[in-house]
Amino acid sequence: MTTQITSSFATDAELLTAITPNSGGREIFDPATGTLVGLAPEHTTADLNTAISAARAAQPGWAARSHAERSELLNKAADAVEASAEALAVLLSREQGKPLNGPNARFEVGACAAWLRTTAGFELEPEVLVDDEGGKAELHYRPLGVVGAIGPWNWPMMISVWQLAPALRMGNTVVLKPSEYTPLSVLALVHVINSVLPKDLLHVISGGRDVGEAISTHADINKIMFTGSTATGKAIIRSSADSVKRLTLELGGNDAGIVLPDADVKAIITDVFWGAFINTGQTCAALKRLYVHEDIYEELCTALTEVATAMPMGVGLDEANVLGPLQNQAQYNIVASLVQAAVDSGARVLTGANPVEDQPGFFYPTTLIADIDNNNPLVTQEQFGPALPIIKYSNIDDAVAMANGLEVGLGASVWSRDKDAARAVAARIEAGTVWINKHGAVDPRVPFGGAKSSGYGLEFGVEGLKHLGQPQVISY
């Protein structure tokens, strides 16, 4: 549960003191060093029930406030996050593993503030559907009630804000469950945000899988927002069916990128790298399969190898590093297994695939694999780590068919000097978002959601707000 605070935090130690339980708690270790970060409370389903009851009781009063009042408080929440930004970033780096610099911990905390502010600024006015001699009809969006938000471990703070900011903006209250791997980051973030919010609007429950399952079946949860695996998303769909909960599901992805033969390799290569390796590849909408035309295949492989080998990987609190460890042992094992399958198949290793044994932390080297079959497990399964397969193609129809060949479709990208040609290819790709000459560049103003088994529902922008409201037509 949450408590009120009145000032900013200068250090992660102060944050940990504020959120650590009075006795007991689950130990959370740094994935880069193996050292203890802190103790997370072990909330139960009874704690969840108490939080939901409090959130439900507070919701009508919150919904009665004007949009302007709710937006003002979201802006104050952004101020609070910025006031404690460095302490939050250090705690995030220690718990999740991501470095402070690059598109990592400081970037993530900054994105939390930016998403809060941008969401606060959206206008959602009633839409006039009909206005003629036969009458008038207007479309309004009313609060749903209590939103249950279940977050992942890869971007624990930022994705929590993606969930809570629009939910609160629309007049809902929120009960948030972070991943068991990264509870401290979210507990700290909510603690800071709650320093400016009225009591009981936002609760965080640090529990295990049983708590997540209870959220999906709880009669007093009106909507679930979930970011995570497709398998878990399907389980939530099934368990929420009896209560007909509204759902927004951002599920697994295995994003394809297609590089057209006219692409300027030197101009795009750094963006290609970060499209794949942001957060050390642990991003749902990261570039995970790269299809490159045979005319520029070797040039791109060489250039990408040069960029990859120049990017320092190590402990996140070292200011020089921009790549970190895998967040947990299970994910390390997945990446190592998939890379080994590629090596065993005879694919060409451009760099990496040679993890150092008996070192602290879940570090897997930045790995590029060329001359790989499109049916290899490293291509067909989401690796969610620092390993990228590069597949050669000669015909654009074949490239599009390979990109569309999996039952996922979160994001994709097309790389070309000719934006019209790129847009024509983009229109053929089965994905919720297709970027041109960039990958994974989400924007709080632009709706985001998946196709096929990558989920449904939209986040971000005014359209995302609508998914946190109940449509109501008033006709007269």
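In the predicted model, valine 292 is positioned opposite lysine 392 of strand 14. One residue earlier, the partner of tyrosine 291 in strand 14 is isoleucine 391. These positions belong to the pairing of strand 11 with strand 14 (residues 387-393), which is parallel and comprises four bridges. On strand 10 (residues 255-259), strand 11 has a further parallel partner, joined to it by five bridges; here glycine 257 faces leucine 290 of strand 11. The connection from strand 10 to strand 11 passes through helix 10 (residues 265-277), and the resulting β-α-β crossover is right-handed.

Strand 11 (residues 287-293) is largely enclosed by the rest of the structure, because seven of its seven residues are buried. The strand forms part of an open, seven-stranded sheet with mixed pairing and the order 12-13-14-11-10-16-17. The edges of the sheet are occupied by strand 12 (348-351) and strand 17 (433-436); each has a single partner strand, so one side of each lacks a neighbour in the sheet. On average, and with direction ignored, neighbouring strands of this sheet are turned by 25° against each other.

Two helices that lie across strands of the sheet were examined further. Helix 10 lies across strands 10, 11, 13 (367-370), 14 and 16 (411-415), and runs at about 145° to strand 11. Helix 14 (residues 396-403) lies across strands 10, 11 and 14, with an angle of about 170° to strand 10.

Aromatic contacts were also analysed, and ten aromatic pairs were counted. In one of them, tryptophan 162 and phenylalanine 460 adopt an edge-to-face arrangement, with a centre-to-centre distance of 4.7 Å and an angle of 75° between the planes. Tryptophan 162 is located in helix 6 (residues 156-169), whereas phenylalanine 460 is in the loop between strand 19 (455-456) and helix 16 (461-466); the pair therefore ties together parts that are 298 residues apart in sequence. Both tryptophan 162 and phenylalanine 460 are buried. The two residues belong to one aromatic cluster, formed by Trp115, Trp162, Phe448 and Phe460.

A further pair is formed by phenylalanine 273 and tryptophan 274, whose ring centres are 5.1 Å apart; with the planes at 80°, the pair is therefore edge-to-face. Phenylalanine 273 has a relative accessibility of 0% and so counts as buried. A contact of another kind involves lysine 98, which lies over the face of tryptophan 155 at 3.7 Å from the ring centre.

Notes:
Residues numbered from 1 in each chain as written. Predicted model: local features only at pLDDT ≥ 70, side-chain atom pairs only at ≥ 80, totals over all residues. Heavy atoms only, no water. Buried < 20%, exposed > 50% of the residue type's maximum accessible area, 1.4 Å probe, protein only. Pairing = 2+ DSSP bridges. Right-handed = clockwise from strand over helix to strand, strands pointing away. Phe/Tyr/Trp six-rings, centres within 6.5 Å; stacked < 30°, edge-to-face > 60°. Lys NZ or Arg CZ within 6 Å of the ring centre and 35° of its normal. Axes fitted to C-alpha atoms, helices over the stretch in contact; angles between N-to-C directions. Contact = heavy atoms within 4.5 Å.
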